[in-house]
Amino acid sequence: MTAEKKQGKVWLVGAGPSDAGLFTLKGKAVLETADVVVYDKLVGQGIMAMVPSHARKISVGKEAGHHPVPQHEINEILLREALAGNYVVRLKGGDPFLFGRGGEELELLCRHNIPFEVVPGITSALSVPAYGGIPVTHRDFCSSLHIITGHTKKAEEADVDYEALVRLNGTLVFLMGVAAMPRICRGLLEAGMKPDMPAAVLERGTTAHQRRVVATVSSLPGEAEKAGIKTPAVIVVGQVCTLERDFHWAEDRPLGTRKIAVTRPKDRSSSLAKKLQALGAEVVLMPTIETRPIADNRRLYQALEQIKAYSWIAFTSAAGVQAFYAAMKEKKMDIRSLAGIKIAVIGAGTRRAVEEKGVFADLMPEVYSGEALGRDLAKAVSPGERILLPRAAMGTEAVIRPLRDAEISFDDIAVYETNEGNQPVPGYDDTVDCVAFTSASTVRGFVKLNPDTDYSQVKAICIGEQTAAAAEKYGMQVTVSKQATIDSMIETILRMEP
Ligand code: SAH
């Protein structure tokens with residue numbers, strides 16, 4: 001009996017500007033059916049938390065300091081995954097067709113007759129000003145709105161017709177314009193715009209850390225630089241910018257400037273998340289994922305049998321370390337059989353895990369990233385040496401890409417699975433203001449999920465003494481709620497200094 005192969009399909013889905021509440025109902029429904037999710041950096045963490053655990057996640061966005069996956073490769077990933085019979089959700093920031101290259105991604109699919117749908121999203125061009133208290137049109141001021149990209153292929157001269165823009169006298173919204181801000185403002189002034197025309201730049205709109213600078217078209221570049229405004233940001237030029245003085249609202253909500261992580265065992269603490277959201281907080285749900293070593297792992301056993309073939313073992317997580325040593329123990333392999341093999345680790349948490357096994361790592365990259373580990377390894381490995389990579393099933397490509405490029409031989413062996421899909425997205429980072437823990441097991445789950453975190457920087461709001469004790473064990477900054485209730489936790493958060 002042969003099961004009929006599922007026909008693959010692609011959904012181009014707009015994720016909105018960042019606030020998870022601005023994701024469309026249709027987008028969420030489609031996401032729930034996804035086998036594969038291909039996502040950008042601009043997709044909000046709150047939305048990434050909605051990706052179902054069974055879906056495979058492929059990041060194609062820019063990671064700090066590294067280039068994004070080139071467009072033609074993204075197109076090919078979509079095609080390949082759809083041809084393999086998957087439901088592919090291509091999640092893009094804002095709206096997929098507004099400066100989102102959505103059209104380019106459909107071309108290859110069309111040529112191969114892959115069925116697709118488009119789910120529009122709320123664009124940052126309208127919603128970021130709205131969260132900054134700026135209605136993009138107002139009858140007293142303007143009768144048109146123009147959305148322009150500040151990013152042109154040739155960095156120098158933009159093909160923007162500033163004279164036409166000035167003549168139209170409407171509100172102007174520039175996306176991707178942070179780097180080009182001086183050029184944009186100069187272009188408008190030279191085209192005859194009056195120098196005191198109100199203008200604003202709005203950074204990280206709809207998040208808890210949104211900021212804005214309101215000035216004039218002549219002073220905006222200087223003021224934005226003083227404030228250290230960075231991308232992503234939207235530039236608005238027009239009289240409507242003055243309305244912000246009266247209409248600001250987002251950061252005035254009780255928790256409007258707080259980004260709070262809610263660790264949840266399965267689906268339980270969503271009432272806490274809902275209440276925090278209602279008070280304006282940006283909530284990131286962090287499922288506390290359990291990892292599980294792969295049972296009867298033949299590939300790993302084989303590697304262990306010929307362990308002397310490897311000059312290096314590279315670990316990318318504490319869970320990988322645990323699973324590897326557990327397999328050694330199972331096979332009654334003595335620790336001394338690793339003598340002479342060099343050990344690389346991705347970061348401090350993984351290093352601690354190998355140290356607990358009595359081994360001190362030979363290599364750890366300066367920054368915690370798979371790519372940095374791969375690059376440093378590629379440099380350290382001598383010709384003819386082989387690397388063993390015991391890591392998560394469906395680990396990212398980041399580590400192995402530099403190895404492949406350098407033609408280094410390695411064995412990438414899955415040693416553990418996570419029972420909630422693949423890599424944990426989102427993880428903790430320093431943009432999170434505080435983490436709410438509702439049980440000691442959520443603390444342990446959080447630690448497991450975020451092994452390379454400096455816990456002393458984590459502000460933990462704990463529901464009771466036991467939870468607090470668990471958090472204190474890891475050196476977190478602990479605040480305990482008066483009573484062991486969700487409402488008391490919320491009161492505690494409201495009383496805390498931002
Ligand atoms: N398709 C997207 C735009 C992609 S271009 C949309 O419809 O929103 C990327 C640009 O969008 C950024 O350079 C920035 O100008 C803007 N942008 C996206 N998200 C933003 C946010 N949360 N805050 C400010 N600007 C944002």
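I began with Asp95: one of its backbone N or O atoms sits 2.8 Å from a nitrogen atom of the ligand, which fits a polar contact (a pair of N or O atoms within 3.5 Å). This is a predicted model, so I kept in mind that local features need pLDDT of at least 70, side-chain atom pairs count only at pLDDT 80 or more, and totals for chains, interfaces and linings use all residues. Residues are numbered from 1 along each chain as its sequence is written, and side-chain values use heavy atoms, with hydrogens and water left out.

Next, other ligand contacts. I found a polar backbone atom of Pro17 at 3.1 Å from a ligand nitrogen. In the side chain of Ser124, an N or O atom is 2.7 Å from a ligand oxygen. Taken alone the ligand exposes 550 Å², and the protein buries 93% of that (Shrake-Rupley areas, 1.4 Å probe).

Then I looked at the shell, meaning residues with a heavy atom within 4 Å of the ligand. There are 19 residues around the ligand, and among those that come nearest are Leu98, Thr123 and Ala233. Domain 1 (9-122) and domain 2 (126-250) each give at least three residues to the shell; the bounds come from an automatic or database domain assignment.

Last, cysteines. How many disulfides are there? I got zero, with a disulfide taken as two cysteine sulfur atoms within 2.5 Å. For Cys185, the nearest cysteine sulfur is that of Cys241, 11 Å away. Cys241 can't bond because its closest cysteine sulfur, in Cys142, is 10.0 Å off, too far. I noted Cys241 as buried at 0% relative accessibility (buried means under 20%, 1.4 Å probe, protein chains only).

Methods
A polar contact is a pair of N or O atoms within 3.5 Å; within protein, one must be able to donate a hydrogen and the other to accept it, and residues adjacent in sequence count only if both atoms are side-chain atoms. Buried means under 20% relative accessible area, exposed over 50%, partly exposed in between (1.4 Å probe, protein chains only).
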